[in-house]
Amino acid sequence: MRIKFCIPNEWNNYLFQILKGIEFKDCLWKIGEEQEVLEIYGDTFFTESIYDEKNFFQKIQETHYPIFADIRLYKSNGNMNFNISNYMDFMKSDCLLILFITDVSFVDIYCKDDKLLKIIYNNAIENGFNDIELISSDDNVRKRFNPYYD
């Protein structure tokens with residue numbers, strides 16, 4: 001399943017607003033190499049490539065400006081090096097969730113867990129995000145799995 005929506009083009013803690021309430025023990029958040037999320041002083045927001053749950057959620061509560069993002073959730077014993085280049089690769093991988101932000105405002109999230117997707121959907125509604133759309137696996141048309149392409 002997939003959800004997509006638009007966030008405002010401004011400084012905030014949108015990653016926290018999107019992912020609030022998601023709790024996974026023994027999981028790691030991997031920050032993609034092709035990301036551009038800025039902190040308030042203009043520096044790169046994510047200074048590590050891997051975060052545990054506590055440090056990830058602590059970090060995303062800070063104010064940031066996501067331009068492009070590729071953030072993935074894995075079980076801590078999962079294979080993070082498997083190349084995910086399309087939807088079928090995602091389904092075969094140990095990755096549980098992929099969050100893309102493209103051109104500051106466009107959020108696209110792939111998730112294998114319907115419960116997590118429901119939390120994200122409710123967060124999007126609660127935060128007044130625009131153009132919220134749930135998409136079935138049959139309608140996943142993203143050609144490349146990176147934040148620069150849809």
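**Figure 1. Asp-131 is found in strand β8.** Welcome to this predicted model, in which local features need pLDDT of at least 70, side-chain atom pairs count only at pLDDT 80 or more, and totals for chains, interfaces and linings use all residues. Residues are numbered from 1 along each chain as its sequence is written, and side-chain values use heavy atoms, leaving out hydrogens and water. Strands (E, at least two residues) and helices (H or I, at least four) are DSSP runs numbered from the N terminus. Asp-131 is not a glycine, yet has a positive phi of about 55 degrees. Asp-131 counts as exposed, at 60% relative accessibility. Here exposed means over 50% relative accessible area, buried under 20%, and partly exposed in between, with a 1.4 Å probe and protein chains only.

**Figure 2. The whole chain has four helices and eight strands.** Following the sequence, you will meet them in the pattern β-α-β-β-β-α-β-α-β-β-α-β. The C-alpha trace spans about 40 × 35 × 25 Å along its principal axes. The radius of gyration (taken over C-alpha atoms; the globule rule is 2.2 Å times the number of residues to the power 0.38) is 14 Å, which agrees with the value near 15 Å for a compact globule of 150 residues. Of the 150 residues, 50% are buried. Contact means heavy atoms within 4.5 Å; among contacts with a separation of 6 or more, 70% join residues 24 or more positions apart.

**Figure 3. The largest nonpolar core holds 35 residues.** Such a core is a set of buried Ala, Val, Leu, Ile, Met, Phe, Trp, Tyr and Cys residues joined through side-chain atoms within 4.5 Å. Look for Phe-5, Ile-18, Leu-19, Trp-29, Phe-46 and Phe-56, which touch the most other members. Elements that each supply at least two residues include β1 (2–6), α1 (14–19), β2 (27–31) and α2 (53–60). The largest share, five residues, comes from α1. Ile-18 is in contact with Phe-5, Ile-7, Leu-99, Val-107, Ile-109, Ile-120, Asn-123 and Phe-129, leaving aside neighbours within four places in sequence. A second, separate core of nine residues includes Tyr-74, Phe-90, Ile-98 and Tyr-110.

**Figure 4. Helix α4 has a buried side and a face turned away from that side.** The 13 residues of α4 should span 18 Å at 1.5 Å a residue (1.5 Å times one less than the number of residues), and the end C-alpha atoms are 18 Å apart, which agrees. Leu-116, Leu-117, Ile-120, Asn-123 and Ala-124 are buried in α4. These five lie on the same side of α4, because they cover an arc of only 120 degrees around the axis, the arc being that of the directions from the helix axis to the C-beta atoms. The face turned away carries the exposed residues Asp-114, Lys-115 and Glu-126. Among the elements covering the buried residues are β1, α1 and β8 (130–135). At the N-terminal end, Asp-113 caps α4, with a side-chain oxygen 2.7 Å from the backbone nitrogen of Lys-115. Just after α4, Gly-128 takes a positive phi of about 70 degrees.

**Figure 5. Val-104 sits in the loop between β6 and β7.** Val-104 has a positive phi of about 75 degrees although it is not a glycine, and counts as buried at 11% relative accessibility. Ser-105 lies in the loop between β6 and β7 too, and is buried, with a relative accessible area of 13%. Not counting residues up to four places away in sequence, Ser-105 touches Phe-5, Cys-6, Ile-7, Pro-8 and Asn-9.

Key
A polar contact is a pair of N or O atoms within 3.5 Å; within protein, one must be able to donate a hydrogen and the other to accept it, and residues adjacent in sequence count only if both atoms are side-chain atoms.
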